[in-house]
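The following exchange examines how structural labels are justified by their definitions.

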Amino acid sequence: MELETLRPNPAWDADSYEEAVTAFESVADDVVVKVWGGDWCVDCRSQLPDFGAAMEAAGVEAVEHHPVEKADDGSKDGPGVEAYDVELIPTVVVEDADSGAERARFVESADAPIVVHLAEQLAE
């Protein structure tokens with residue numbers, strides 16, 4: 001199942017995020033991007049379309065969708081939620097395609113858009 005909210009925003013301007021897109025272009029074939037979110041989630045609906053557009057602009061094809069539901073107790077339920085310690089959504093994990101080692105992580109909100117936040121971690 002795919003996340004509707006991860007469909008690329010057609011109005012997103014890649015030129016405004018040139019450094020971040022370039023950072024992802026340089027690792028596009030070497031990473032797997034795992035995205036946990038919910039189409040019901042306000043934060044996901046506002047943040048993931050731009051991130052989807054950024055991944056498209058950077059040519060990152062290995063993007064995995066992990067739809068999450070909210071359990072009655074408020075916890076998150078879905079594929080990989082426990083294994084990746086997902087408590088808030090959206091959560092995005094960038095892993096090395098060969099080793100599976102985590103290279104970057106974004107959780108729900110940060111001071112920068114998802115693509116910028118992750119690109120800064122990849123550059124470190």
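Q: Why is glutamate 4 called buried, partly exposed or exposed?
A: The model is predicted, so local features need pLDDT of at least 70 and side-chain atom pairs count only at pLDDT 80 or more, while totals for chains, interfaces and linings use all residues. Residues are numbered from 1 along each chain as its sequence is written, and side-chain values use heavy atoms, without hydrogens and water. Buried means under 20% relative accessible area, exposed over 50%, and partly exposed in between (1.4 Å probe, protein chains only). Glutamate 4 has 44% relative accessibility and therefore counts as partly exposed.

Q: What makes the contact of arginine 7 with glutamate 4 a salt bridge?
A: A salt bridge requires a side-chain nitrogen of Lys or Arg within 4 Å of a carboxyl oxygen of Asp or Glu. The closest N and O atoms of arginine 7 and glutamate 4 are 3.3 Å apart, so the contact is a salt bridge.

Q: Which class of exposure applies to arginine 7, and why?
A: Arginine 7 counts as exposed because its relative accessibility is 54%.

Q: How do you know that lysine 34 forms a salt bridge with glutamate 95?
A: Their closest N and O atoms are 3.2 Å apart. This pair links distant parts of the chain, with lysine 34 in strand E1 and glutamate 95 in strand E5, 61 residues apart; strands (E, at least two residues) are DSSP runs, numbered from the N terminus.

Q: Why are lysine 34 and glutamate 95 called buried?
A: Lysine 34 is buried because its relative accessible area is 12%, and glutamate 95 counts as buried because its relative accessibility is 8%.

How values were computed
Helices (H or I, at least four residues) and strands (E, at least two) are DSSP runs, numbered from the N terminus.
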